[in-house]
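Hi everyone, thanks for coming. Let me show you the structure I have been looking at, and then I will walk you through a few of its charged residues and one of its helices.

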Amino acid sequence: MNKIKLNNGLSLPQLGFGTYKITDEEILDKLLPKAVDLGYGLLDTASYYNNERAIGDCICRHTLFGKLKVCTKIWPKDYGRDQTLYSIEKSMKNLRLDKLEGLFLHWPSEDFEESWKALEEVYEEGLCNFIAVSNFHKQHLEKLFVHANIKPAIDQLETHPLLQQKDMKEYLSQHNIQLEAWSPLARSVEKLTDTAVIEEIASKYHKSPQQIVIRWHIEEGNILIPKTSKLERLEENKEVFDFSLSREDHNKIAKLDSGIRVSQDPEDENWLKEIREK
Ligand SMILES: NC(=O)c1ccc[n+]([C@@H]2O[C@H](COP(=O)([O-])OP(=O)(O)OC[C@H]3O[C@@H](n4cnc5c(N)ncnc54)[C@H](OP(=O)(O)O)[C@@H]3O)[C@@H](O)[C@H]2O)c1
């Protein structure tokens, strides 16, 4: 499994898996041990996903301690120093872990500076291996840098061939912050996987459109966390290390960048206010 070095010297597997909307314990019970068997080492969750307890139970049942690097996120309703510390404590209890891999601020809503301080405290105490942000654009990071003692190791952003985040990637690389792609498959919407370009490349390599998109992320240097609730797709999504895309393939995929999102935009102030309440 390819690894990516973060700005604090720690290395993370480049390909992990996401768990948004997987709350069914029976599914997690099959998925997690299979992921470990297949060599996935990185799991992405969030307090918002309502599955931390189910994940923690599976980790216990299958004794997966130390076999999965678990990252979670703090939801904006829990921003502010004390609430953030409480949210982290709750997540760790639910996940049955006494150390997390990474802790993320989920969105750049009001009071994120106070929450970042709480993350710094928890990191200094050694309760996680890195601290990070999600959905932070340049203006949010500039605001965070004013009072931060520690720079985020990662910025998790919606990233896929329809939204390639070229400007943010350049900015993040100037600040030595790694991009991690959420919705890396653009949720497998037809707009992406049925584009003639991806299909044509897929048939050339005898791969699925999703495998082409995953390979593209790998070669772009993104960490990525595709989600699937199906065991066979978990396996399929990892079979991407036996071929490489050509320069011509990359040029064709570069032209798909059209700014199309499958979810909320961090520039949407109403959304950022709304999630501070819910
Ligand atoms: N930081 C944030 O704000 C944020 C926001 C959204 C997501 N995330 C994280 O990013 C992870 C991934 O994003 P996502 O879940 O939104 O979308 P995604 O990974 O881009 O796409 C998931 C969809 O693709 C399907 N799929 C997966 N592999 C496939 C394959 N090989 N062939 C065909 N279909 C396939 C899945 O269906 P099946 O399950 O039926 O296979 C699911 O419908 C999340 O789970 C979460 O951990 C973070």
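R215 and E219 sit four residues apart in helix α9, so about one helical turn separates them. Helices here are DSSP runs of H or I with at least four residues, strands are runs of E with at least two, and both are numbered from the N terminus. The general picture is that an α-helix has 3.6 residues a turn, so residues three or four places apart point the same way. The side chains of R215 and E219 meet in a salt bridge, at 2.6 Å from N to O. By salt bridge I mean a side-chain nitrogen of Lys or Arg within 4 Å of a carboxyl oxygen of Asp or Glu. R215 counts as buried, at 11% relative accessibility, while E219 counts as partly exposed at 27%. For those words, buried is under 20% relative accessible area, exposed is over 50%, and partly exposed is in between, with a 1.4 Å probe and protein chains only. Elsewhere, E25, D29 and R61 are joined into one network by salt bridges that share partners.

A word on what you are looking at: this is a predicted model, where local features need pLDDT of at least 70 and side-chain atom pairs count only at pLDDT 80 or more, while totals for chains, interfaces and linings use all residues. Residues are numbered from 1 along each chain as its sequence is written, and side-chain values use heavy atoms, leaving out hydrogens and water.

So how many salt bridges does the structure hold? There are 18. One of them pairs E200 with K252, and their closest N and O atoms are 2.8 Å apart. E200 belongs to helix α8 (residues 196-205) and K252 to helix α11 (residues 247-254), so this pair ties together parts that are 52 residues apart in sequence. Both ends are partly exposed: E200 has 45% relative accessibility, and K252 has 27%.

Another salt bridge joins D242 to K207, with the closest N and O atoms 3.0 Å apart. This pair also links distant parts of the chain, 35 residues apart: D242 is in the loop between α10 (231-236) and α11, and K207 is in the loop between α8 and α9 (209-220). Is each partner buried or exposed? D242 is exposed, with a relative accessible area of 58%, whereas K207 counts as buried at 15%.

Now let's move to helix α2. Seven of the 10 residues of α2 (residues 52-61) are buried, so the helix is largely enclosed by the rest of the structure. Those buried residues are E52, A54, I55, G56, D57, C58 and I59. What do they pack against? Their neighbours are α1, β4 (42-44), β5 (69-74) and α3 (81-95), where contact means heavy atoms within 4.5 Å.

Please find E52 in that helix. E52 is buried yet has no salt bridge, and the nearest side chain of opposite charge, K90, is 7.4 Å away. Not counting residues up to four places away in sequence, E52 touches T45, A46, S47, T72, S91, N94 and L95. Just after α2, T63 takes a positive phi of about 40°.

That backbone angle brings me to N135, which has a positive phi of about 65° although it is not a glycine. N135 lies in the loop between β7 (128-134) and α5 (138-147), and it is buried, with a relative accessible area of 2%. R187 is not a glycine either, and its phi is positive at about 55°. You will find R187 in the loop between β9 (178-182) and α7 (190-193), and it is partly exposed, with a relative accessible area of 42%.

R187 also takes us to the surface, where it forms a positive patch with K21, K227, K230 and R233. Patches are made of residues with over 30% relative accessible area and no salt bridge, with like charges joined within 9 Å. Lys and Arg count as positive and Asp and Glu as negative, leaving out His and the chain ends. K21, in the loop between β3 (17-18) and α1 (25-38), counts as exposed at 62% relative accessibility.

Finally, there is a negative patch, formed by E267, D268, E269 and E274. E274 is in helix α12 (residues 269-277) and is partly exposed, with a relative accessible area of 42%. Thanks for listening!

Key: Patches are made of residues with over 30% relative accessible area and no salt bridge: like charges are joined within 9 Å, nonpolar side chains (Val, Leu, Ile, Met, Phe, Trp, Tyr) within 5 Å. Accessible areas come from the Shrake-Rupley method with a 1.4 Å probe; for residues, only the protein chains shown count as cover. The place of a charge is taken as NZ of Lys, CZ of Arg, CG of Asp or CD of Glu.
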